[in-house]
Amino acid sequence: MLTVGAATELLPPWFGGDPVVDAAFRYGNPTSRQGYESALVYALAERLGFAAEAVSWTPVDPAAARAAGAKDFDIYISQVPGDDPALAASVDLSSPYYDFNDALIALLSNDIADASAISQLRAFELGAVSDQALELITTEIVPATPPRSYASLEAAGAGLLNGQVDGLVVDLPTAFLLISTELTGTTVVGQFEQTRPDEYFSLLLEQDSPLTACVDSALAELRGDGTIDQLRHTWLVDWPTAPVFEP
């Protein structure tokens, strides 16, 4: 058996499927193979030599997963930042299975929500929190109005809802989280193709796990043969809809 740990709240687009009544997992079903992380696990398991029926899921508190010590899972997948050196001192972190890129969120009622190309964004006022997102706005979008910088996501979200800006540029995982939990009436207008090389998600394993090298090798194969790109397009572009902006 390959035992896979995950947080109890399985949100789209990372997980899909209908939740099982009275099950430990909420909002999604990890065995559905729907959603990017669920689908990735089954693709990875196949490369490791495990049949789908040999994959077992167990709910794990995120803090417990990240703590040092023995684990009751083989791998853990729930958007673990792989670029965290403090975390890497306590557990094993795999090579990346998801590389960050930025996306634009906006109110459904705003005209910017209909944009499909970067050139169409230049007439709108945009905002961001991170330096990377602000740089993308100024160098890639080049809007007519300089972007508004916010000190926090909370302030940025409030600015979007009260009309200070037409759209917010945030990393794609944050965009999905915001539109599904905090910013009602908003949508992911689109995402930008280029990735952030220093920000990514990794699988988490017990420190010095004998599986770590095998997982890294399998991930390299999945990346090399285009499987990861295919899964990314299926679950992070087409479902839910978050199209890649045209030039």
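The exercises below, each with a worked solution, concern a predicted model.

**Exercise 1. Determine which residues of helix H8 are buried, on which side of the helix they lie, and what covers them.**

Step 1. Helix H8 spans residues 227-236, and its buried residues are Thr-227, Ile-228, Leu-231, Arg-232, Trp-235 and Leu-236.

Step 2. Around the helix axis these residues cover an arc of only 135°, which puts them on the same side of H8.

Step 3. The spacing follows from helix geometry: an α-helix has 3.6 residues a turn, so residues three or four places apart point the same way.

Step 4. Turn to the face directed away from the buried side. Asp-229 and Gln-230 are the exposed residues carried there.

Step 5. The cover over the buried residues of H8 includes three helices, H1 (36-48), H6 (172-181) and H7 (212-224), together with strands S4 (92-107) and S8 (186-205).

**Exercise 2. Repeat the analysis for helix H4, and describe the backbone just after the helix.**

Step 1. In H4 the buried residues are Ala-133, Leu-134, Leu-136, Ile-137 and Ile-141.

Step 2. Viewed down the axis of H4, they fall within an arc of 155°, so they line one face of the helix.

Step 3. Strands S4, S5 (126-128), S6, S7 (167-171) and S8 are included in what covers these residues.

Step 4. Just after H4 comes Val-142, with a positive phi of about 55°. Val-142 belongs to the loop between helix H4 (131-141) and strand S6 (148-149).

Step 5. Is Val-142 buried, exposed or partly exposed? The cut-offs are under 20% for buried and over 50% for exposed. Val-142 has a relative accessibility of 47%, so it counts as partly exposed.

**Exercise 3. Identify the residues that touch the most other members of the largest nonpolar core, and state which element supplies its largest share.**

Step 1. The largest nonpolar core has 48 residues. Those touching the most other members are Tyr-36, Trp-57, Ile-77, Tyr-97 and Tyr-98.

Step 2. H1 contributes eight residues, the largest share of this core.

Step 3. Another core, of 18 residues, lies apart from it; Ala-106, Ile-112, Ala-128 and Ile-137 are among its members.

Step 4. Take Ile-77 as an example from the largest core, leaving out residues up to four places away in sequence. Its contacts are then Val-4, Gly-5, Ala-6, Phe-15, Glu-37, Leu-40, Val-41, Trp-57, Tyr-97 and Leu-203.

Step 5. As general background, nonpolar side chains tend to be buried together in soluble globular proteins.

**Exercise 4. Describe the largest pocket by volume, lining and residue class.**

Step 1. The volume of the largest pocket is about 350 Å³.

Step 2. Its lining consists of 18 residues, and those nearest the centre are Glu-9, Leu-11, Trp-14, Gln-79 and Leu-177.

Step 3. Strand S3 (75-81) and H6 each supply at least two lining residues. H6 gives the largest share, five residues.

Step 4. Sorted by class, the lining has ten nonpolar, four polar and four charged residues.

**Exercise 5. Locate the cis peptide bonds at Pro-13 and Pro-240, and the positive phi at Arg-33.**

Step 1. Pro-12 and Pro-13 are joined by a cis peptide bond with omega of about 5°. Pro-13 sits in the loop between S1 and H1.

Step 2. The bond from Trp-239 to Pro-240 is also cis, and its omega is near -10°. Pro-240 is in the segment after H8.

Step 3. Arg-33 is not a glycine, yet its phi is positive, about 65°. Arg-33 is in the loop between S1 and H1.

Step 4. With a relative accessible area of 44%, Arg-33 is partly exposed.

**Exercise 6. For Ala-23 and Gly-226, give the loop, the exposure class and one C-alpha separation.**

Step 1. Ala-23 is placed in the loop between strand S1 (2-6) and H1. Its relative accessibility is 35%, so Ala-23 counts as partly exposed.

Step 2. Gly-5 is 18 residues from Ala-23 along the chain, and their C-alpha atoms are separated by 14 Å.

Step 3. Gly-226 occupies the loop between H7 and H8. At 24% relative accessibility, Gly-226 also counts as partly exposed.

Step 4. Between the C-alpha atoms of Gly-226 and Gly-167 the separation is 32 Å, with their positions 59 residues apart along the chain counted as the sequence distance.

Technical notes:
Residues numbered from 1 in each chain as written. Predicted model: local features only at pLDDT ≥ 70, side-chain atom pairs only at ≥ 80, totals over all residues. Heavy atoms only, no water. Buried < 20%, exposed > 50% of the residue type's maximum accessible area, 1.4 Å probe, protein only. Helix = DSSP H or I, 4+ residues; strand = E, 2+ residues; numbered from the N terminus. Arc of directions from axis to C-beta. Contact = heavy atoms within 4.5 Å. Core = buried A, V, L, I, M, F, W, Y, C linked by side-chain atoms within 4.5 Å. 1 Å grid on protein atoms, 1.4 Å probe; cavity = no way out; pocket = protein on both sides within 12 Å on 5 of 7 lines; lining within 4 Å. Points joined across faces, edges and corners; volume = space filled by probe spheres on them. Nonpolar A, V, L, I, M, F, W, Y, C, P; charged D, E, K, R; others polar.
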